[in-house]
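Work through the following exercises with the sequence and the model at hand, and compare each step of the solutions with your own reading.

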Amino acid sequence: MVDFWATWCAPCVKELPDLAAYHERLSSRTDVAFLSFNVTDERETLAAFVKDKKIAFPVYKADALIGAYELAVFPTKLVVDMRGAGPGQPGVVRFRREGAAPVASIEARVAEVLGEKP
C-alpha cells in the first residue's frame, strides 16, 4: 500500500496516526508493505515535520513519481500488486483512492487483492 502525501495537506496529516497504527499491524507480515511517499516538501521541511510529529515509520521523498502516477490530489493511496513483477518492473495498481480515506477501507482493499477473508 502506497500513500502519497504532503505536510501542507491537512487531510494527509490527520491520517498519520491511523497510518502509523496500520504500519504497526503490518510489521510482522512479509506479503504486504506500507510505503509512505512525501511529495512537494523540501527535505529539510519534511525532516523537521517527521521529527516534530514523531512519525514512527519510514517516509520517502517521491517527487519523481508525481508524473508517473498522475498525482494531482493528496492524499492519494494506491494498492499495488507486485506479485509476478520481476526486478525493476512495475506492479499492477489494483486500487486508487484520491482524498482522505479511512485506513480500514484501504486495509479491506489490500485483503481483497490478497484474497483474504475480512
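**Exercise 1.** Which residue in β4 is the bridge partner of Asp-3?

*Solution.* This is a predicted model, in which local features need pLDDT of at least 70 and side-chain atom pairs count only at pLDDT 80 or more, whereas totals for chains, interfaces and linings use all residues. Residues are numbered from 1 along each chain as its sequence is written, and side-chain values use heavy atoms, with hydrogens and water left out. Begin with the strands, which are DSSP runs of E with at least two residues, numbered from the N terminus, as helices are runs of H or I with at least four. Strand β1 (residues 2–5) runs antiparallel to β4 and is joined to it by three bridges, where pairing requires at least two DSSP bridges between two strands. Within β4, the partner of Asp-3 is Lys-77.

**Exercise 2.** Determine how β4 pairs with β5, and whether its faces are buried or exposed.

*Solution.* Six bridges connect β4 with β5 (residues 92–98) in the antiparallel sense, and Leu-78 stands opposite Arg-96 of β5. Next, consider burial, meaning under 20% relative accessible area with a 1.4 Å probe and protein chains only. Thr-76, Leu-78 and Val-80 on one side of β4 are buried, as are Lys-77, Val-79 and Asp-81 on the other.

**Exercise 3.** Identify the contacts of Trp-5 that lie beyond its neighbours within four places in sequence.

*Solution.* With contact taken as heavy atoms within 4.5 Å, the partners of Trp-5 include Cys-12, Leu-16, Phe-37, Leu-46, Phe-49 and Phe-74.

Methods
Buried < 20%, exposed > 50% of the residue type's maximum accessible area, 1.4 Å probe, protein only.
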